Amino acid sequence: MSKAQIRYSIPEELKTESLVGNIAQDLGLDIKRLRSGRARIVTGENVHYIQLNTDKGILLVNERIDREQLCGDVTPCSFAFEILLEKPMELHPVTIEVLDVNDNAPTFQNSHLEFDISESAALGSRFVLESADDADVGQNSLQEYILTSNDHFVLKQHVNADGSKYAEMVLQKQLDREVQPRLSLKLLAVDGGNPQKSGTVNIDVNILDVNDNAPIFNQSVYKATVIENAPKGTYVVTLNASDIDSGSNGQFTYHFSKSKAGIADLFDIDESSGILYVTKQIDFEKEKKVEFWVEAKDHGGLNDRSKVEIEVIDINDNAPVINVMSFTSPVSEDSPVGTTIGIINIKDIDSGENGQVRCKIEGNSLFKMKSNIRNYYAIITDAELDREILPECNITVIATDMGSPALSTKRTFNLRISDVNDNPPVFPREIYNAFMEENNLPGVSVITVKAKDTDENQNARLSYILDESEISGSPISKFVSINAENGNICAVRSLDYEQIKEIVFTVKAQDGGSPPLSSNVTVKILIQDQNDNHPQVLYPVQTGGSVVAEMVPRSADVGYLVTKVVAVDVDSGQNAWLSYKLQKSTDRALFEVGLQNGEIRTIRQVTDKDAVKQRLTVIVEDNGQPSRSATVIVNVAVADSFPEVLSEFTDFTHDKEYNDNLTFYLVLALAVVSFLFITCLVVIISVKIYRWRQSRIMLHSSLPVIPYYPPRYSDTLGTGTLPHVYNYEVCRTTDSRKSDCKFGTASTQNVLVMDPSSTGTMQRLQNEKSILDEPDSPLECQI
């Protein structure tokens with residue numbers, strides 16, 4: 001805790017160990033309390049002027065105390081510290097006031113003063129004397145000045161505003177150098193201490209000879225010119241004064257008279273010659289005209305003054321300054337011609353032509369300068385702006401003065417041009433063609449359309465939309481979809497080339513501007529065929545119950561046309577190119593099949609050793625990758641008559657059963673052949689009689705229906721195995737134009753049809769002649 005403050009007053013310069021005060025008594029503390037509380041002095045200073053004696057409870061001087069060193073001129077002078085006790089903690093502030101003692105005498109800075117005073121000095125002339133300093137304060141400080149007694153000067157004392165004192169010598173009697181050329185005086189400074197102390201200074205007064213004539217300038221005003229920024233040492237003007245006195249009284253020097261500050265730094269004067277020259281560069285913009293006074297002063301202190309007027313000549317040393325009043329950036333690209341971009345102010349602190357400025361824009365035809373007010377210029381557009389051509393540009397303004405040489409200043413402004421939605425999306429092509437194989441997976445990417453919009457930001461953000469259209473009565477969205485963000489077109493479902501060959505639709509690209517702009521492009525997707533269809537055999541027709549056989553007479557020559565396998569493939573291109581191969585036959589050396597046309601011909605003469613029953617397996621294969629094929633079985637009977645083959649063909653459809661019970665079939669075959677021989681004779685006679693009923697017989701017979709029949713071929717002998725002409729419908733594919741079709745005259749062929757469900761029943765197909773549209777041309781089809 002802190003208690004009341006204790007204050008002591010002691011004089012300075014007390015000896016060490018001098019008593020300051022009984023702190024224990026003054027604070028009302030017991031000596032034991034000082035010891036138990038470990039009393040000590042706490043101060044923030046490095047010098048400890050006071051010490052505490054805890055045994056006696058008194059304060060003693062620890063170091064010499066100099067009031068002047070401690071406080072200087074400040075009064076009263078004091079310092080403070082605190083007495084700290086512990087257990088419990090106590091803090092007692094103590095203030096020591098240091099009283100001044102007269103330990104400092106007044107002192108002068110110089111021990112000797114000298115004055116040169118002309119004997120003609122006027123009475124009442126004042127001469128200021130040097131002031132004395134006294135470090136003491138109050139009554140102990142300087143109190144007065146005393147001048148030794150003399151006849152010529154009296155002393156006058158003055159007090160400054162700050163309380164300091166100074167003295168002047170005042171001439172009260174005319175000086176006479178011839179009577180007394182030199183005066184020696186003493187000035188005494190006395191303080192008010194006890195004992196009193198003082199300081200003295202010697203004053204020597206040199207009485208100069210009478211100088212009756214002062215120097216005189218030959219001109220009251222000197223006028224000159226100097227160029228701005230003239231180098232140091234440049235000559236300005238020569239001052240000229242004269243003094244008619246002789247000797248030393250006629251000698252004088254040139255000096256600057258009291259003038260405004262700064263002039264002495266610009267010029268200097270040769271004291272003896274009076275030449276005025278430049279010592280520092282002169283700035284016309286600061287000093288257009290310099291005026292000051294000069295004086296010619298002789299050794300007697302007499303002088304004359306003259307005025308100097310120097311006119312500064314401006315040079316073009318300041319470039320124009322461009323100040324920006326306003327500048328707008330960005331500017332919309334649809335801003336009309338004449339739009340103000342910015343306003344600038346141009347200043348040149350030079351004068352005359354050096355300060356006249358011309359302003360222009362450097363190498364830019366889009367903008368120009370316009371000025372309606374002096375030194376103010378507007379930057380305006382001089383052409384239409386197009387952000388897509390010039391998104392931003394630098395406008396360089398050049399301000400040039402009319403000085404010689406001319407000075408110029410450049411200022412560059414960066415102008416950004418903001419976008420408006422003035423450009424529609426543009427597709428790089430007028431039409432996009434894409435190819436996609438049929439049987440595609442739903443969702444597969446087909447093609448990506450990409451448009452460009454030279455606008456920016458939202459105005460260039462594109463969305464892709466399918467234009468509404470139909471394909472085969474279904475909306476286009478049933479076939480394809482488009483990603484609105486990236487224009488990726490995908491197939492919605494699997495496509496079949498045999499149903500749709502191509503898909504043509506329109507895609508619209510629309511930007512995000514307001515209002516939005518759009519453009520369209522046509523997309524054409526061509527479906528590519530895959531080999532996904534097997535060849536289809538049109539002839540011979542494979543039936544489930546009846547056996548159809550081609551008959552070849554044993555007298556057939558080499559190259560005899562047995563029959564022709566007719567097949568088609570609904571695929572296109574090379575996927576529909578068919579080839580025919582004979583895979584299996586009873587006797588490979590007897591027949592061959594045409595690779596391209598499917599014609600089965602004999603390759604050698606028929607012999608008696610050749611089996612009557614010939615079973616040929618023909619493979620029809622397309623040219624796709626991988627290829628697909630179909631197999632057809634052609635039954636051929638090598639015989640001259642029907643009875644000869646009855647026993648052979650009754651078992652065509654039951655080959656597997658013969659393997660189980662061969663004996664049973666042999667007996668059955670013999671019976672069937674006999675029965676068929678008799679039946680054939682009856683049929684032949686019946687056909688000739690009831691020829692006109694042939695069509696009805698065909699409709700009501702139990703023979704299988706054959707929807708397609710091969711064309712009628714003529715052999716080399718002019719006779720054939722098929723007595724009828726059969727009409728069949730030709731199915732043409734996309735590439736059917738590559739097929740060759742020839743129409744020829746009707747000929748006869750024999751076809752043997754066996755129906756195993758009728759026991760022993762044989763029906764001989766009647767010969768029927770058909771007249772073709774072009775009977776003279778043989779029919780031959782190659783697919």
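This section describes the confidence of a predicted model and several local features of its backbone and side chains.

The chain has an average pLDDT of 79, and 82% of the residues reach a score of at least 70. Among the elements of the chain, the highest mean pLDDT, 94, belongs to strand 40 (residues 488–491), whereas the lowest, 32, belongs to strand 56 (residues 780–782). Two stretches of low confidence may be noted. Over residues 652–659 the pLDDT is below 50, and this stretch makes 14 contacts in the model beyond near neighbours in sequence. Over residues 696–783 the pLDDT likewise stays under 50; for these residues the model has 204 contacts beyond four places in sequence.

Two cis peptide bonds that precede proline are described next. As a general matter, most peptide bonds are trans. Threonine 75 and proline 76 are joined by a cis bond with an omega of about -15 degrees. Proline 76 is placed in the loop that runs between helix 3 (67–71) and strand 6 (77–85). A cis bond also links serine 514 to proline 515, here with an omega of about 0 degrees. The loop that holds proline 515 lies between strand 41 (502–511) and strand 42 (518–528).

Backbone torsion is also notable at two asparagines. Most residues other than glycine have a negative phi. Asparagine 229, although not a glycine, has a positive phi of about 65 degrees. This residue belongs to the loop between strand 18 (221–227) and strand 19 (235–238). Asparagine 229 counts as partly exposed because its relative accessibility is 25%, a value between the cut-offs of 20% and 50%. Asparagine 457 also has a positive phi, of about 55 degrees, without being a glycine. The loop containing asparagine 457 connects strand 35 (445–448) and strand 36 (462–466). With a relative accessibility of 65%, asparagine 457 lies over the 50% cut-off and therefore counts as exposed.

A further asparagine, at position 597, occupies the loop between strand 48 (591–593) and strand 49 (599–602). Its relative accessibility is 15%, under the 20% cut-off, so asparagine 597 counts as buried. A polar atom of the asparagine 597 side chain lies 3.0 Å from the backbone nitrogen of glutamate 599. The side chain of this buried loop residue is thus placed beside the backbone of a residue in strand 49 (599–602).

Key:
Residues numbered from 1 in each chain as written. Predicted model: local features only at pLDDT ≥ 70, side-chain atom pairs only at ≥ 80, totals over all residues. Heavy atoms only, no water. Helix = DSSP H or I, 4+ residues; strand = E, 2+ residues; numbered from the N terminus. Buried < 20%, exposed > 50% of the residue type's maximum accessible area, 1.4 Å probe, protein only. Polar contact = N/O pair within 3.5 Å; in protein donor to acceptor, adjacent residues only side chain to side chain. pLDDT = per-residue confidence, 0-100. Contact = heavy atoms within 4.5 Å.
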